[in-house]
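Open the model in your viewer and switch to a cartoon view. We will go from helix to helix, selecting residues as we go.

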Amino acid sequence: MAKVEWSAGIDHVSGALSKPSKSGQHSCTKMLLGTHRVAATESKDCNRLYLRKKVERSTQPTSKELAVRARFTAVAAAIKTRKADLMRVTEDEAAFMAQKNLAGGKKTLKAWYWMVEGQAYDQEHGN
């Protein structure tokens, strides 16, 4: 296994350092991914680098996958519209705060919006 030594001031790297673009212009052909493990360990060498080739999909999306994509798109659009509606902001924040500390409550406003709009989508589409 290779060992990475960082310059002074760089403690760790985490995430994609370079990604192949979808259009293929001005990009690399492989993804360079750096990870940093935070688990308790005897070793201080917890950084890893990975190279991953660009993968082309070999099958068509299934009907279930297309339905999930459509749900995601619709719910994201509904959340965007709901956040922009100034008449609902105060009541949304109050409803979020009321459920936040309950068992099973959503801990972030973003998660709460996804729950509420996801349930509304599911009711509308009979899921």
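Helices here are DSSP runs of H or I with at least four residues, numbered from the N terminus. With that in hand, start at the far end: α3 is followed by Gly 126, and the phi of Gly 126 is positive, near 70°. Keep in mind throughout that this is a predicted model.

**The whole chain**

Zoom out and colour by secondary structure. You should find three helices and three strands, arranged along the sequence as β-β-β-α-α-α. Of the 127 residues of the protein, 13% count as buried. Among contacts between residues at least 6 apart in sequence, 32% join residues at least 24 apart.

**Stop one: α1**

Select residues 63–84, which make up α1. The end C-alpha atoms of α1 are 32 Å apart, and this agrees with the 32 Å that its 22 residues should span at 1.5 Å a residue. Which residues of α1 are buried? Show side chains for Val 75, Ile 79 and Arg 82. Now look down the axis of α1: the buried residues fall within an arc of 65°, so they line one face of the helix. An α-helix has 3.6 residues a turn, so residues three or four places apart point the same way. Turn to the other side of α1 and you will meet exposed residues: Ser 63, Thr 73, Lys 80, Thr 81 and Ala 84. To see what the buried residues of α1 pack against, add α2 and α3 to the view.

**Stop two: α2**

Next, select residues 86–100 for α2. This helix has 15 residues and reaches 21 Å from its first C-alpha to its last, close to the 21 Å expected at 1.5 Å a residue. Its buried residues are Asp 92, Phe 96 and Gln 99. Viewed down the axis of α2, they fall within an arc of 70°, so here too the buried residues line one face of the helix. Thr 90, Met 97 and Ala 98 are exposed on the other side of α2. The buried residues of α2 pack against α1 and α3.

**Stop three: where α2 meets α3**

Keep α2 on screen and add residues 109–124, which form α3. At what angle do the two helices pack? The angle is about 100°, with the axes 10 Å apart. That makes α2 roughly perpendicular to α3, because angles of 65 to 115 degrees count as such. For the contact itself, select Asp 92, Glu 93, Ala 95, Phe 96 and Gln 99 in α2 together with Leu 109, Trp 112 and Tyr 113 in α3. By class, this contact has five nonpolar, one polar and two charged residues.

**Stop four: α3**

Now hide the side chains of α2 and stay with α3. The end C-alpha atoms of α3 are 22 Å apart, in agreement with the 22 Å its 16 residues should span at 1.5 Å a residue. Select its buried residues: Trp 112, Tyr 113, Val 116, Glu 117, Gly 118 and Tyr 121. Their cover includes α1 and α2.

**Last stop: Gln 119**

Finally, pick Gln 119, which also lies in α3. Its relative accessibility is 47%, so Gln 119 counts as partly exposed. Draw a C-alpha to C-alpha distance from Gln 119 to Val 75: the two are 9.3 Å apart in space, while 44 residues apart in sequence. Val 75 is one of the buried residues of α1 from our first stop.

Key: Residues are numbered from 1 along each chain as its sequence is written. This is a predicted model: local features need pLDDT of at least 70, side-chain atom pairs count only at pLDDT 80 or more; totals for chains, interfaces and linings use all residues. Side-chain values use heavy atoms; hydrogens and water are left out. Axes are lines fitted to C-alpha atoms, for helices over the stretch in contact, and angles run from 0 to 180 degrees between N-to-C directions. Angles under 35 degrees count as roughly parallel, over 145 as roughly antiparallel, 65 to 115 as roughly perpendicular and the rest as oblique. Contact means heavy atoms within 4.5 Å. Ala, Val, Leu, Ile, Met, Phe, Trp, Tyr, Cys and Pro count as nonpolar, Asp, Glu, Lys and Arg as charged, and the others, Gly among them, as polar. The expected span of a helix is 1.5 Å times one less than its number of residues. Buried means under 20% relative accessible area, exposed over 50%, partly exposed in between (1.4 Å probe, protein chains only). The arc is that of the directions from the helix axis to the C-beta atoms.
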